[in-house]
Each structure stands twice: as C-alpha cells, then as structure tokens.
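Colleague: Got a minute to go through this one with me? I'd like to hear the reasoning behind the labels.

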Amino acid sequence: MSERQTGGVPDEVPGGTPGDGAEDLPGGAAEAMPSGRPDGGPGRSTLGHRNDRAPWRDLWARLPTMAPAARPAERALRPGARRVPPSPLAPGAARDPYRTYRVLREEFPLTHDPLLRAWVLSRYADVAGALTDSRFTHGHRPGDPPCAQTHTDVDEAELRAVAERTAFVLAHRLVGRPLVDLVADFCRWLPAGTVAAAVGVPYRDMMRLVRGRAAAALAGQCTGQIGVREKALAGFLADVLTDPEQTAALRDAPSDLIARAWAESLRREPPVQIVLRRTRGEIHVSGGVLPSGAPVALLLGAAGRDPERFRHPDRFDPDRADPAQLTYGSGPCPAVTLAALEAEYALRALFSAMPRLRLADGFRPVRAGVVTRAPRSLVVRPGG
C-alpha cells in the first residue's frame, strides 16, 4: 500500500508573532502559555527584540546537561547533522510537519521551542505518558479518566441512532450534484447535527448556535467539541477516498473494520497536533529532565508516527494491530463515542446514497494547519 504525502499552510499560527492562535490550543492550552521566560515565570516575551535575547542564550548554555539520548541508529552523529532544533511553528513547517517531527524525535527528544514558548516532547512513550501522568496538569481530553467519571449514563444505542439518521439525511441531500465538497457540505454539518438531535434541539436552531460557543452549554464540554470532530471526520474520509483499495475495502465493511480504520486515521493524521500541559515537579523524560512548573508542548502528530512504536508509521494501515491513537482517551465519553459513530455512518450513508462516489478528477486532499490539521476541502463526484 502506498504512502501518501500531505501538505498545507499554517492557519492558526503564521510565521510571525509567537503564540498567535494560542486560544485555539486544545486542553486548556491557552492558560498554559507562559509569558516569555523559559521557566514560565513572569515577564514580557523576549522574542523579536534584539536586545532581549540573552536569556535564551543562557538557556541554551545550560542545555548540554540535558542532551538528548540518541536512538540506536543515531548514536554516531552524522557529519553536518542538524544542530538547531526545528520548530513546528517555523515559516513553511506546516507544509510537511512530519519532516520536522522526525528530526525532533531522532535528534531533539527534549528541547525548548522559543516559538511555542514551551518544552517539546515528540516521542510516543513521552507524549502518551504525559497525557495521563498526574505529574502533568491535565487539559480536557475526552475519554480520559477525569472526563469518563462524569459520563456514567452514555446511551450508545441512542447515540448510534442519532448519528445514523443524521448522516443519511445529509448524504441524500447531496445526490444528483455533479461535484460536492464533503468538507463544506457534509463534515461541517454532521457533528453539529448529531449534537442537535442528541440534546433535542431542532436542527435548524442548533445550526445557528453551534458556530459559536453555545454548543458546549447545550451539550456539555465533551459533545461541544464539534470543531475537532469535523476535522477528524474530514481527515478520515480523505484517507479512505484517496486510496481506491481502502474505498473498496470499507464500502460494505463491518463495524469493527471501520473502527480500526478510524483509529488508524486518528493515529496517522490526528486532527489535534499539539496540546499543552505543565509539569507539577521535575520529570525524567527521553533526553533529560523537565523542570518543575514548566509548560510542555506534546506533539501528538509526532508521537503517532514514532517508528519505535509503530511499524511503517507513515502508512495508513487499518489492519494495524494496535493503532494507539492519542486524540481521545479510552474511557466512556459521548464525544469519543459520537466521533466514532459519525465516522462509521458517514461512510455507510455516503456509499449508500452515492454508490459510485469518488474523488473529483485531478483532486488530491491537502491538509493544512499547525495546532489543528485537516483537509480544507474534499471535492468528490457523487455519480462516479
């Protein structure tokens, strides 16, 4: 199965002021963004001011004691090897963030990123551990234990019926068009529609509210994460429709195969690429020790393609035994359940309404974004 390259341009964080788009960071990341000092202490940002760069030079002077531990293939430093850690926020990096992630995993598993204003973890073991380790402050990741404890009465059968009905209604509205953009005409509406039906709000009224912040108030913090589910669904449909083999394999697939493909899509191209946490004490990680009280950027996109954890990590492979995606936790949560059901019934509804559905001639999905990442458009021919 061939690997596919994706690209895009940053939308939340252009190559200008560091921290632009911090309010879009998931899991309470905006609160975790420090004010400019590497230790997260008070003071204005030193970035972009020629006369204020000494603190960063002092920081780097102390880094030899925190040198990254080389992986077996990297123990002998190659001549001309990169000495300066790349940043996911560097201009142009979002066109292929996985190249940046690879360098960080292999050469800089622990580094401080002045643009993110945080320490950066990129290896799967470190990122997965930080998401559940009590020594890190926790944002709200649907499915994590603190979240799951608040959802004791999730009715999966009801959510399944809601997702199925909404997906089929939306899909049948697209029949007969020569071209359709599934991002604008389907993915943007399915998560909102399922929330509307789940909370008993008329669909037409919910659609006026959901573009703002009212969805969370109506449906709770988890099911209100509609934007993430939109991006995840768009990425999943792009993965399936870009590969004719996957399109054929999933056209009439059982639920368990679709669920594996969904989890694999979240691993390979997570809709949330970066989340922020803060340490509660000194913590040993790959490459050194994180200081206490420090902001830490967890690169979910890098962790999901760690070759130490996944064989052929760049390949979309629904037969992977353990995709181990990090977008969602594993506990019961309506957001996690709805997202998976929306992915399943999106495929079933689209293929049922449009059996010859395929990508438009010459169209290839292009993913874009820095903090969150997904296809901007997904143009298809409903009639084949």
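Modeller: Let's start with the second largest cavity, which has a volume of about 50 Å³. Keep in mind that this is a predicted model.

Colleague: What makes that a cavity that the search would list?

Modeller: The search of the whole structure takes cavities of 30 Å³ or more, and finds three. The second largest cavity, at about 50 Å³, is over that limit, so it goes on the list.

Colleague: Which residues line the second largest cavity, and how do they split by class?

Modeller: The lining is made up of Pro88, Ala94, Pro97, Tyr101, Gln273, Gly369, Val370 and Arg373. By class that gives five nonpolar, two polar and one charged residues. Tyr counts as nonpolar and Gly as polar in this scheme, so Tyr101 goes with the nonpolar residues and Gly369 with the polar ones.

Colleague: On to aspartate 306. Why is aspartate 306 called buried?

Modeller: Its relative accessibility is 2%, and buried means under 20%, so aspartate 306 qualifies. Aspartate 306 is found in the loop between α14 (300-303) and α15 (334-353).

Colleague: What does the side chain of aspartate 306 reach?

Modeller: Two backbone nitrogens: that of tyrosine 124 at 3.0 Å, and that of glutamate 308 at 2.9 Å. The cut-off for a polar contact is 3.5 Å, so both distances are within it.

Colleague: And arginine 141, buried or exposed?

Modeller: Buried: arginine 141 has 10% relative accessibility, and the label needs a value under 20%. Arginine 141 lies in the loop between α4 (124-132) and α5 (145-148). Its side chain is joined to that of aspartate 144 by a polar contact of 2.7 Å. Leaving out residues up to four places away in sequence, arginine 141 touches Leu131, Thr132, Cys147, Arg277, Leu326, Thr327, Tyr328 and Gly329.

Colleague: How many salt bridges are there?

Modeller: The count comes to 19. One of them joins the side chains of arginine 177 and aspartate 185, at 3.3 Å from N to O.

Colleague: Why are arginine 177 and aspartate 185 called partly exposed?

Modeller: That label covers values between the buried limit of 20% and the exposed limit of 50%. Arginine 177 comes in at 35% and aspartate 185 at 27%, so the label fits both.

Colleague: What makes arginine 260 and aspartate 319 a salt bridge?

Modeller: Their N to O distance is 4.0 Å, and the rule asks for an arginine nitrogen within 4 Å of a carboxyl oxygen, so the pair is counted. Arginine 260 lies in helix α13 (residues 255-268) and aspartate 319 in the loop between α14 and α15, so the salt bridge ties together parts that are 59 residues apart in sequence. Arginine 260 is partly exposed at 33%, whereas aspartate 319, at 59%, counts as exposed because the label needs over 50%.

Colleague: How do you know that glutamate 264 and arginine 267 are separated by about one helical turn?

Modeller: They are three residues apart in helix α13, which means a separation of about one helical turn. Glutamate 264 and arginine 267 form a salt bridge, with the closest N and O atoms 2.9 Å apart, and both residues are buried. As for networks, salt bridges that share partners join Asp239, Arg268, Glu269, Arg305, Asp314 and Arg367 into one.

Definitions and conventions. Residues are numbered from 1 along each chain as its sequence is written. This is a predicted model: local features need pLDDT of at least 70, side-chain atom pairs count only at pLDDT 80 or more; totals for chains, interfaces and linings use all residues. Side-chain values use heavy atoms; hydrogens and water are left out. Helices (H or I, at least four residues) and strands (E, at least two) are DSSP runs, numbered from the N terminus. Buried means under 20% relative accessible area, exposed over 50%, partly exposed in between (1.4 Å probe, protein chains only). A polar contact is a pair of N or O atoms within 3.5 Å; within protein, one must be able to donate a hydrogen and the other to accept it, and residues adjacent in sequence count only if both atoms are side-chain atoms. On a 1 Å grid over the protein atoms alone, a cavity is a set of points where a 1.4 Å probe fits but cannot get out, and a pocket is an open set with protein on both sides within 12 Å along at least five of seven lines; lining residues have an atom within 4 Å of a point. Grid points are joined across faces, edges and corners, and a volume is the space filled by probe spheres set on the points. Contact means heavy atoms within 4.5 Å.
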